[in-house]
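Here are a few exercises to work through with the structure open beside you. Try each task before reading its solution.

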Amino acid sequence: MFVESFEVSAPGVVYGEECIDAEYLYESSEVEIVGTKVVTMPRVQKWALRTRNRVPKVGVMLVGWGGNNGATVTGAVIANREGITWRTKNGVVHPNYYGSVLMSSTVCVGSYRGEDVFTPMHKVLPMLHPNDLVIGGWDINNANLAEAMHRAKVLDYDLQRQLDPLMSKMRPLPSVYYPQFIAANQEERANNVLPGSDKQVHLEQLRSDIRNFKANNELDTVIVLWTANTERYADLITGVNDTAENLLKAIQASADEIAPSTLFAVASILEGCPYINGSPQNTFVPGCIELAEQHNVFIGGDDFKSGQTKLKSVLADFLVQAGLKPTGIVSYNHLGNNDGKNLSAPEQFRSKEISKSSVVDDVVESNRILYQPGEHPDHVIVIKYVPTVGDSKRAMDEYTSEIFMGGTNTMVIHNTCEDSLLASPLIIDLVMLCELSTRITYKTGAMRDYDSFHPVLSILSYMLKAPLVPPGTPVVNALSKQRQCIENLLRACVGMAPDNNLRLEHKLNPRSADAARKLKV
């Protein structure tokens, strides 16, 4: 059964004019070692969760607005907002938000006469609709968004034709360009850059751009999201980017190891705007994370998880949870868009290799039956630039596993990933979930006042290859667990228990079922 909306009727859940208040009992388990015995102790803690109802007017500023992702997500939002249909050889196509977990997936909210009842995930709480987004941003190339869309060759021609007049007046702001951080082959595109090399001046310009965008569009909230080229890793240097104070001083001194993505992050944080890193570089150096904590501004990253890695986070978890032992994972892909061109440089490829490699770490660490300490599957990643395939990335994976009694199982997968059509819905989800998080506060323990979540927004992990988490927090890469975390947080905010699929009500013995169903007061 499918319903468009619902409300929870329960003690402690109040749907008010300004907010939804919910009392939630958070159940967890802690482990202690008593002598030689390992003891697990269930814990129950009462939380009060408050979600403001009013969805603000939101703008997103994309760094790399004129790239394939930026042009595609902009065109898609306009097509959905305006209800534009287009013709292909297969017939008329209607716009949609397929690929967005918030817009196009459902959650179970209970059962009705034995039948599960589902509702859209974005209807559990009041959420931003992507049609209402105001989009802007920066790019090192001066092409307007219509030209960028043509260059990307992602959207169908008939749709491009109709979007032309709506996107041709959109032009990216000049961006930061430090050639040492991206591949040399990007220099020919760099005709729309901030002049000079004074990084403090650049920082102030970015802050001014954010303020102007917010004021000119009468926005309540601005979210800044990096969807530009992969940078090389920045060196972590004591006195430069190790603390917030040192990072700000290093920007004033125009230190070499201040990357463009970190400069954008600092500008966003200082303007009180959440910042999301959609590429694999180490934007969030320790000083940047500390700055976000000081200003209590949300940050999230790293690297969009759209195709091959998303599948890997499912398969690796499936194999290990099935008691099989992956011993080798070889991932090869080639692509022909500008992302592939930039990744053909060794330093930029290394950033991507790191983010792709980490996706199986926590799964391996969870099973000491299969893996001894320090043991890890052979994990090889290859990326090649092949212009002829354009945005239609080819991904080939081979999973070799040790199975029962010394046997071997091999799985080979070919995956054609329409790169930007898979990444663009992630941008939408990241913005929607980030905005929602700014309206959720909690109170628990001895807290007297409500507070926001930790500035490092780990709830975004489902959309990202190398999830950024608060210091000392375990990283979860398994896709099912990441989605479960999003769903269960939404449920908690309306006072609903986690959907754990235990379904004890369907396991009653017929001889005692009638008595079991009578609630004991």
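**Exercise 1.** In this predicted model, work out whether Lys 249 is buried, exposed or partly exposed, and place the residue in its secondary structure.

*Solution.* Start with the relative accessible area of Lys 249, which comes out at 48%. Buried needs a value under 20% and exposed a value over 50%, with partly exposed in between. So Lys 249 goes down as partly exposed. Next, find its element: Lys 249 belongs to helix H6, residues 244-252. As an extra, try the distance to Val 364: the two are 115 residues apart in sequence, and their C-alpha atoms are 41 Å apart in space.

**Exercise 2.** Which residues make the nonpolar surface patch of about 320 Å²? Pick out Val 31 and classify its exposure.

*Solution.* The patch is made by Val 31, Ile 33 and Val 38. Val 31 sits in strand S2, which covers residues 19-34. Its relative accessibility is 54%, so Val 31 counts as exposed.

**Exercise 3.** How many aromatic pairs does the structure hold? Work out the geometry of Trp 47 with Tyr 442.

*Solution.* There are six aromatic pairs. For Trp 47 and Tyr 442, the ring centres lie 5.1 Å apart and the planes meet at 35°, so call the pair tilted. Now look at where the partners come from: Trp 47 is in strand S3 (residues 37-52) and Tyr 442 in strand S18 (residues 440-444), so the pair ties together parts 395 residues apart in sequence. Burial comes next: Trp 47 is partly exposed at 22% relative accessible area, while Tyr 442, at 17%, is buried.

Then run the geometry check on Tyr 275 and Phe 284: with centres 6.0 Å apart and planes at 80°, the pair is edge-to-face. Both of these residues, Tyr 275 and Phe 284, are buried.

Finally, step back to the cluster. Ring pairs link Trp 47 and Tyr 442 with Tyr 26 and Phe 453.

**Exercise 4.** Which ring does Arg 50 lie over, and which one does Lys 199 lie over?

*Solution.* Take Arg 50 to begin with: the ring is that of Tyr 450, and Arg 50 lies over its face at 4.2 Å from the ring centre. For Lys 199, the ring belongs to Tyr 178, with Lys 199 over its face at 4.4 Å from the ring centre. The cut-off for a charge over a ring is within 6 Å of the ring centre, along with an angle within 35 degrees of the ring normal.

Technical notes:
Residues numbered from 1 in each chain as written. Predicted model: local features only at pLDDT ≥ 70, side-chain atom pairs only at ≥ 80, totals over all residues. Heavy atoms only, no water. Patch = residues over 30% accessible without salt bridge, like charges linked within 9 Å, V, L, I, M, F, W, Y side chains within 5 Å. Areas by Shrake-Rupley, 256 points an atom, 1.4 Å probe, with all protein chains shown as cover. Salt bridge = Lys/Arg side-chain N within 4 Å of Asp/Glu carboxyl O. Helix = DSSP H or I, 4+ residues; strand = E, 2+ residues; numbered from the N terminus. Buried < 20%, exposed > 50% of the residue type's maximum accessible area, 1.4 Å probe, protein only. Phe/Tyr/Trp six-rings, centres within 6.5 Å; stacked < 30°, edge-to-face > 60°.
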